[in-house]
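Trainee: I am new to this structure and would like a close look at a single part, the place where its two domains meet. Please take me through it slowly, and then point out any unusual backbone geometry.

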Amino acid sequence: MATIPELFSAQVPRYTSYPTAPHFHDGVNGTVYRDWLARLNPDEPLSLYLHIPFCDTLCFFCGCHTSVVNHYGPVRDYCRLLEREIALVAPMPAWLPVQHIHWGGGSPTLLEPDDIARLTAAIHTAFDIRPDAEFAVEVDPRGLSRETVQALAKGGLTRASIGVQDCNIEVQRAINRLQTKEQTITAMEMLRAAGVASINLDLIYGLPKQTLPGWQQTLDFVAQLEPDRVAVFGYAHVPKFKKHQALIPQSLLPGLDERFRMAELARNFLSGCGYVPIGMDHYAKPGDSLAQALESGALARNFQGYTADPARTLIGLGASSIGSLPQGYVQNVANVPAYRALLAENKLPVARGFRLGKVDRIYREIIETLMCTLKVDLDTVARRYGVSKAIFADAMKILEPMRIEGLVSVEGNQILMEKAWPSAVRLAASAFDQYLPRNSAAHSSSI
Ligand SMILES: C[S@@+](CC[C@H](N)C(=O)[O-])C[C@H]1O[C@@H](n2cnc3c(N)ncnc32)[C@H](O)[C@@H]1O
Ligand code: SF4
């Protein structure tokens, strides 16, 4: 029977969708997407995700779809393409209502104020943006200007997510991301002064040269700033897919045991500071909408991670963006020239996607529930879909070593993550993944 280190050495997805993106295929194309869009319920609010795949410099750890630009020309050109895509997606049955907007990347904060204004205007022309809509943006604090913050605030910015990662200079050198504490503090001050009510800080454990005492100092710094949320991601090291990550030598990376200790230190420390743990890697102040969503059972998971956004439809805009509709998932082409070429022909720039079948929906619900609440009642899911619990027999067999090692408990029809092991939830979720090749090396370490 597998030991705990053996179990954690399995490489499993982060389940920001199910099935996960590697299983999308080109059977879902622009024509299928157009049909799905036409069937959206015009009375049901949806969400928008807009991707800016550019950064000023490349952090060696980065797992996002982005590239470095040395001058602004390609970014401006890309913004015009985005405007075109927004207008193309929009002719739907009606002027659809939008409750949540998220700009991610890459670094949306490298956009010039004029482009921020043009993109927000394009979105407001194409959709019915509700007056109380949430507008969240991912922020690189290095070089963030007051003009950028003001342009975003004018566009209705309500939430900002700032990348911090780690404050230690040795770690920062090893990841090619030099960022002073003052840069983080100034970014927070500017955003708060501009009226942005909610601020999240991103941290990563498992980075090269990280030590437990250094990690504690990063946590101390973050706690002093009193952000509304903190995301504590485990570093996903997949140099096979993200070639630049090979610039981080394996020998500098903390081992599984240290990764576990860092995750545990963050959980204990942030809980001690009054933050509510959300799922496997988020922390929120008790009054924050994420903590409230967890309490009310409304917490969800999408491509941006944990969310309080209840929308069933997320429209992805921009190269590589993934959208989620009641029928399934769609992903745009990742390569900007290909994105430009499709838009030039007035085609939706879809590369692939996935149409959800009934069985997919069953496992999707189990995986999302587990990832969000760290427990799931199989009986409830089986009854909702009118299937026998017997279909879960194989998954239960895969879970058995985790139960024996005390990572999960099984009480009747309920599967619960053990209190000390929330970070094992990806592993437990993977037992229900019908598409995961067992013993695959395609994902990152599960802790
Ligand atoms: C797209 S970045 C946006 C923030 C902005 N570009 C910045 O870096 O400040 C979103 C977050 O993803 C996380 N991230 C990126 N690559 C990662 C990886 N390989 N493993 C774990 N987290 C990662 C980082 O914490 C980063 O802040
Ligand atoms: S972590 Fe942020 S700033 Fe660094 S390369 Fe990735 S997207 Fe760009």
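Mentor: What follows goes from the two domains to the interface between them, and then to some points along the backbone. Please keep in mind throughout that this is a predicted model. The domain assignment gives domain 1 as residues 4-10 together with 19-355, and domain 2 as residues 359-430. The centres of domain 1 and domain 2, taken over C-alpha atoms, are 27 Å apart.

Where the two meet, 20 residues of domain 1 are in contact with 20 residues of domain 2, and the area buried between the domains comes to about 1700 Å², of which 66% is on carbon and sulfur atoms. The rule finds zero salt bridges across this interface, while it does find four residue pairs in polar contact, with both residues of each pair at pLDDT 80 or more. On the side of domain 1 that touches domain 2, the elements that give two or more residues are helix H1 (4-8), helix H9 (256-272), strand E11 (300-302) and strand E16 (350-355). Of these, H1 gives the most, with three residues. Sorted by class, that side of domain 1 has 14 nonpolar residues, three polar ones and three charged ones.

Let me now turn to the backbone. Most peptide bonds are trans, and most residues other than glycine have a negative phi. Against that background, a cis peptide bond joins tyrosine 18 and proline 19, with omega at about -5 degrees, and proline 19 lies in the loop between H1 and helix H2 (30-38), so that this loop follows on from the helix that gives the most residues to the domain 1 side of the interface. The peptide bond from glycine 105 to glycine 106 is also cis, with omega near 15 degrees, and glycine 106 is placed in the loop between strand E4 (97-105) and helix H4 (113-126).

Two residues other than glycine have a positive phi. Lysine 209, with phi near 70 degrees, lies in the loop between strand E7 (198-205) and helix H8 (212-225), and because its relative accessibility is 40%, lysine 209 counts as partly exposed. Serine 320, with phi of about 75 degrees, is found in the loop between strand E13 (314-317) and strand E14 (322-325), and because its relative accessibility is 7%, serine 320 counts as buried.

Terms used
Residues are numbered from 1 along each chain as its sequence is written. Chains are lettered from A and ligands numbered from 1 in the order in which they are written. This is a predicted model: local features need pLDDT of at least 70, side-chain atom pairs count only at pLDDT 80 or more; totals for chains, interfaces and linings use all residues. Side-chain values use heavy atoms; hydrogens and water are left out. Domain bounds come from an automatic or database domain assignment. Contact means heavy atoms within 4.5 Å. Buried area is the accessible area (1.4 Å probe) that two parts lose on being put together, summed over both. A salt bridge is a side-chain nitrogen of Lys or Arg within 4 Å of a carboxyl oxygen of Asp or Glu. A polar contact is a pair of N or O atoms within 3.5 Å; within protein, one must be able to donate a hydrogen and the other to accept it, and residues adjacent in sequence count only if both atoms are side-chain atoms. Helices (H or I, at least four residues) and strands (E, at least two) are DSSP runs, numbered from the N terminus. Ala, Val, Leu, Ile, Met, Phe, Trp, Tyr, Cys and Pro count as nonpolar, Asp, Glu, Lys and Arg as charged, and the others, Gly among them, as polar. Buried means under 20% relative accessible area, exposed over 50%, partly exposed in between (1.4 Å probe, protein chains only).
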